Amino acid sequence: LPPALSELAICLTARHIRANYEWHAHAPLAIEGGVPAAAIEAIRTGAAPHFAAKDQALVCRLVTELIDTKRLSDATFAEAVAAFGEQGVVELGTIVGYYTAIGNALNVFEVALPDGVAPYFA
């Protein structure tokens, strides 16, 4: 997967578990990689993000569906395999699982944001 798509998946995961430090580390990387800043802000606030790039929209839909239902519909799975290959779908699922674990650890141990940085999530 291109780095921007991985970072988008990480941001969606960080938002889901409200992992402030994870968001702080990865949202800028997603934007630098080409994910629209407005979409990243929409994700942060819980609004519906809009993407011009079809691959970004698909990653958003896949990650959101996986987080919400713990599964992928046949249609989403087929579209993702066509777009990213089976390896890309495995990568996306692994990113969600890994960054959920990391974000949970950051939250449990209350890893602080740098001085002067306000939390991104309540």
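## Exercises on a predicted model

Glu110 is found in the segment after α5. The structure is a predicted model.

**Exercise 1. Backbone angles**

Task: State where Glu110 is placed, what sign its phi has, and whether the residue is buried or exposed.

Solution.
- Step 1: The position of Glu110 is in the segment that follows helix α5.
- Step 2: Its phi is positive, about 50°, and Glu110 is not a glycine.
- Step 3: For comparison, most residues other than glycine have a negative phi.
- Step 4: The relative accessibility of Glu110 is 68%, so Glu110 counts as exposed.

Task: Do the analysis for Arg18, giving its place, its phi and its exposure.

Solution.
- Step 1: Arg18 sits in the loop between α1 (3-17) and α2.
- Step 2: Arg18, again not a glycine, has a positive phi of about 55°.
- Step 3: With 46% relative accessibility, Arg18 counts as partly exposed.

**Exercise 2. Cysteines**

Task: Find how many disulfides the whole structure holds, and explain why Cys60 has no bond to another cysteine.

Solution.
- Step 1: A disulfide is a covalent bond between the sulfur atoms of two cysteines.
- Step 2: The search of the whole structure returns 0 disulfides.
- Step 3: Cys11 is in no disulfide, and the nearest cysteine sulfur to it belongs to Cys60, 11 Å away.
- Step 4: The cut-off for a disulfide is 2.5 Å between sulfur atoms. The closest cysteine sulfur to that of Cys60 is in Cys11, and because the separation is 11 Å, it is too far for a bond.
- Step 5: As to exposure, Cys11 is buried at a relative accessible area of 0%, and Cys60 counts as buried at 10%.

**Exercise 3. Helix α2 against helix α5**

Task: Describe how α2 and α5 are arranged, and which residues meet.

Solution.
- Step 1: Two packed helices are described by the angle between their axes and the distance between the axes.
- Step 2: The axes of α2 (residues 20-32) and α5 (residues 74-108) come within 8 Å and cross at roughly 125°.
- Step 3: An angle between 115 and 145 degrees falls in the oblique class, so α2 and α5 are oblique to each other.
- Step 4: From α2, the residues Asn20, Tyr21, Glu22 and His26 take part; they meet Tyr99, Ile102, Gly103, Leu106 and Asn107 of α5.
- Step 5: By class, the residues of this contact are 4 nonpolar, 4 polar and 1 charged.

**Exercise 4. Two residues of α2**

Task: Work out which residues Asn20 touches beyond four places in sequence, and what its side chain reaches.

Solution.
- Step 1: Asn20 belongs to helix α2 and is buried, with a relative accessible area of 16%.
- Step 2: Beyond four places in sequence, Asn20 touches Asn107, Leu113, Pro119, Tyr120 and Phe121.
- Step 3: For Leu113, the separation from Asn20 is 93 residues in sequence and 7.3 Å in space, C-alpha to C-alpha.
- Step 4: For Tyr120, the side chain of Asn20 reaches the backbone nitrogen at 2.6 Å.

Task: Determine whether Ala27 is buried or exposed, and which residues it contacts beyond four places in sequence.

Solution.
- Step 1: Ala27 is part of helix α2, and at 6% relative accessibility it counts as buried.
- Step 2: With neighbours within four places left aside, Ala27 is in contact with Cys11 and Ile40.
- Step 3: Ala27 and Ile40 are 13 residues apart in sequence, and their C-alpha atoms are 6.8 Å apart.
- Step 4: Cys11, the other contact of Ala27, is the buried cysteine with a relative accessible area of 0%.

How values were computed
Residues numbered from 1 in each chain as written. Predicted model: local features only at pLDDT ≥ 70, side-chain atom pairs only at ≥ 80, totals over all residues. Heavy atoms only, no water. Buried < 20%, exposed > 50% of the residue type's maximum accessible area, 1.4 Å probe, protein only. Axes fitted to C-alpha atoms, helices over the stretch in contact; angles between N-to-C directions. Helix = DSSP H or I, 4+ residues; strand = E, 2+ residues; numbered from the N terminus. Parallel < 35°, antiparallel > 145°, perpendicular 65-115°, else oblique. Contact = heavy atoms within 4.5 Å. Nonpolar A, V, L, I, M, F, W, Y, C, P; charged D, E, K, R; others polar. Polar contact = N/O pair within 3.5 Å; in protein donor to acceptor, adjacent residues only side chain to side chain.
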